2 protein chains.
Amino acid sequence: MNIEVINTGTELLLGNTLNTHSAWFGRELFKLGLRIARQTTVPDGEAITVAITESIRRADVLIVTGGLGPTSDDLTREITAEVLGLELITDEAALRSLEGFFTMRGRPMAAANLKQVLCPVGADILPNPNGTAPGIYVPPRLNGRSNCAIFLLPGPPRELYPMYQAEVVPRLRALSGVETAYEALELKFTGIGESDFHQGIDAELAAIPGLEYGYCAHIGEVDLRLIGAPAALAQGRAITLGHFEKFLISDDGCSLEAMVVRLLTARNLKLATAESCTGGLIANRITDVPGASAVLTHGFVTYANAAKVGLLGVSASDLEAHGAVSETVACQMAAGALRVSGADIAVAVTGIAGPSGGTAEKPVGTAWIGLATKDAAATAFKVYHPRNRHDFKLAVSQSALEAVRQSCL
Amino acid sequence: MNIEVINTGTELLLGNTLNTHSAWFGRELFKLGLRIARQTTVPDGEAITVAITESIRRADVLIVTGGLGPTSDDLTREITAEVLGLELITDEAALRSLEGFFTMRGRPMAAANLKQVLCPVGADILPNPNGTAPGIYVPPRLNGRSNCAIFLLPGPPRELYPMYQAEVVPRLRALSGVETAYEALELKFTGIGESDFHQGIDAELAAIPGLEYGYCAHIGEVDLRLIGAPAALAQGRAITLGHFEKFLISDDGCSLEAMVVRLLTARNLKLATAESCTGGLIANRITDVPGASAVLTHGFVTYANAAKVGLLGVSASDLEAHGAVSETVACQMAAGALRVSGADIAVAVTGIAGPSGGTAEKPVGTAWIGLATKDAAATAFKVYHPRNRHDFKLAVSQSALEAVRQSCL
């Protein structure tokens, strides 16, 4: 079933208002096994005529939001009737309901509100308990011009969402005539890039009948989305994990930091962080997770060398000899954080965020990540994320959190 | 000039990813005196062909985002060339740049990446310093099929935004042939809400001829955007600051944390942070600013009481008597951070982020912010931000940074 959504409103195209309807409809329709084939935003006015005329030629279902209010730029109702060649008449039940709405609030009804109870002949009024604008449902084949089922819905979310659930969902179920046939799965990975997936599993995934898949790359993370019937989904999952299980963060939407908190909590382990170049980002990500207080006890932001020496006991002469961004210092930072905090695991990072401070030997983007546990001597490894300052911090924090996760497996 | 925007990506229509590009383009184009006539979202695949074919018939300028990656569902480049009847050839300069991108990172380039440097004959490659996908600009009348100027841009904001500013803006100015007739000004405020502006200055701003204005409320911040000719802008600015100058963060887009770094640097003052409930967020925001190393020397994340005692010298008996979320403890944390770090100013926060841990006397959302300087005894004040965990942390960090800013004025 081909579904299109048209969002009307000049404010959406000026950027004053973020269009959240489209993503909301996407998620809601998906629950019914349906998806949006196209979404269009047009300003208030004549552009709506063009967009509706085009959509009803292509779509089985058209959902239009906005433009049902009482003001002169609210034209969706009038335009739809005109495009379909249907007369608009006052709906008596809607009129009484609207009068009641104003009576209850002790306010007089403005003449402008009267147009809100106009309805194309033969269409259904969709009651709006949360506002003055009822919705409208035009069934397919109401006239000769269109086979498309059309829903006109109000723009404000507090009016739109309940009306969708009460009035649109039952009609969509009847129109589509099927129960949800497919499911979705999101697998989050770190430590590999989008092109690794392309080379490693793309051809195999493409060969699974009825499976849709797509990658979404973030900094230090690639999310693989699988959509299909349960069997196809299971097959896609198996192929993917056969190649990349080591890099899997979660298959239930759990973020890397939440997975770290989950693993540490399950093992009753305490974590300490010692951060130079990430400047508190690792601790901040950990403490974004509810329950982090059971896991993170101490965090050190040792931006200055004096802080590395004073708080973590890093050797001043080693700092001098090897530089702050070195394997030695990363190890000593991790070991120091472990000792001072009494935690079970400590992770430390030291690197060059830029824009200045890089050298030929240690260019901007270089970082060392140290890891210390009670059972073993501290170790460190180098990463290289030549990105802008913000993205560098994020990428390094991702590498550090992944090191903690791996140490818990 | 008729401008259309097409956003490609199945994830946008499934609702996994919120489409923020459209609003961003709306605001950016507005600064050039331009606006979007229509925005369309289509899934990856053949629907892009239909959407592009339709748009270039109507539009003078078409901006397409997404689908320039290396994977099999990235088809924007190929589809555009096909629609226009243009051959795709490898751009040698782009190829060398891409090879350099991988060489610098010490990673081999996948064969899949090669398609990213294909360019329609006669079109311009738009360099992408922040990723592997260059953009493409197809000038109008490059072939017989279209008078529309077409920009193909990468989807990730960190790649898209700089490319837009560097490559798209100059071309749009040339295409539109007019200099921007009006200017924009953004004033950032903290410590007052949107309704304060409504009550305080809305009527006065509305009375200025030719001035457009709008508020954008964030957590702990309200941005006032003024757009108009220079004289109207100056008038709006004067009225606004006449009421609210005390709360002004910046008039040049500078964030609160950047303003704090700017002020501390100018006064050659060092800052230390001691964070409980914000978990490193304050230090993280400070270190997002280039040059933060001249300002922030030590940061403490003392999530556990033992950390407050052990690292900052908070009195265990005061912790017992007053609780961790108290004026006494906030003062002692700030004083301890100042002493241990040797900084000139220390800011400390202790609060209840939730979801659990609240009481009738100290509900979730309560926080104390302590401030210590070399010249005076530590002081603290209470804030109440009853929000979800993430937003609570952000709001408290905003209050704490504002306290530092005020102390520098």
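Two strands pair if DSSP finds at least two bridges between them. The exercises below apply this to a predicted model.

**Exercise 1. Which residue stands opposite B:L371 in strand 17 of chain B, and how many bridges join strand 16 of chain B to strand 17 of chain B?**

Solution. Begin with the strands: strand 16 (residues 366-373) of chain B runs antiparallel to strand 17 of chain B, and 7 bridges join them. Within this pair, B:L371 faces B:T379 of strand 17.

**Exercise 2. Describe the open sheet to which 10 strands contribute, and state which strands form its edges.**

Solution. Step one is the order, which reads 17(A)-16(A)-15(A)-13(A)-14(A)-14(B)-13(B)-15(B)-16(B)-17(B), with mixed pairing. Step two concerns the edges: strand 17 (376-384) of chain A and strand 17 (376-384) of chain B each pair on one side only. Step three is the twist, which averages 10° from one strand to the next. Finally, helix 11 (residues 305-312) of chain A packs on the sheet, where this helix touches strand 13 (271-275) and strand 14 (296-302) of chain A as well as strand 14 (296-302) of chain B. The direction of helix 11 makes about 145° with that of strand 14 of chain A.

**Exercise 3. How many residues does each chain give to the contact between chains A and B, and in which sense do the two copies of strand 2 pair?**

Solution. Chain A supplies 61 residues and chain B supplies 65 residues. On the side of chain A that touches chain B, the residues comprise 29 nonpolar, 23 polar and 9 charged. Turning to the strands, strand 2 (residues 36-42) of chain A and strand 2 (residues 36-42) of chain B pair in the antiparallel sense over 3 bridges. In this pairing, A:T40 has B:T40 as its bridge partner.

**Exercise 4. Compare the expected and actual spans of helix 13 of chain B, and determine how far this helix is covered.**

Solution. Helix 13 (residues 327-341) of chain B has 15 residues and, at 1.5 Å a residue, should span 21 Å; this agrees with the model because the end C-alpha atoms are 21 Å apart. As to cover, 11 of the 15 residues are buried, among them B:V329, B:M333 and B:L338. Just after the helix, B:G342 adopts a positive phi of about 75°.

**Exercise 5. Is A:D375 buried or exposed?**

Solution. First locate the residue: A:D375 lies in the loop between strand 16 (366-373) and strand 17 of chain A. The cut-off for an exposed residue is 12 or fewer other C-beta atoms within 10 Å. A:D375 has 7 such atoms within 10 Å and is therefore exposed. The C-alpha atom of A:D375 is separated by 8.8 Å from that of A:D344, 31 residues apart along the chain.

Technical notes
Residues are numbered from 1 along each chain as its sequence is written. Chains are lettered from A and ligands numbered from 1 in the order in which they are written. This is a predicted model: local features need pLDDT of at least 70, side-chain atom pairs count only at pLDDT 80 or more; totals for chains, interfaces and linings use all residues. Helices (H or I, at least four residues) and strands (E, at least two) are DSSP runs, numbered from the N terminus. The expected span of a helix is 1.5 Å times one less than its number of residues. A residue is buried if 20 or more other C-beta atoms lie within 10 Å of its own, exposed if 12 or fewer, and partly exposed in between; C-beta atoms are placed from the backbone. Two residues are in contact if their C-beta atoms, placed from the backbone, lie within 7 Å. Ala, Val, Leu, Ile, Met, Phe, Trp, Tyr, Cys and Pro count as nonpolar, Asp, Glu, Lys and Arg as charged, and the others, Gly among them, as polar. Axes are lines fitted to C-alpha atoms, for helices over the stretch in contact, and angles run from 0 to 180 degrees between N-to-C directions.
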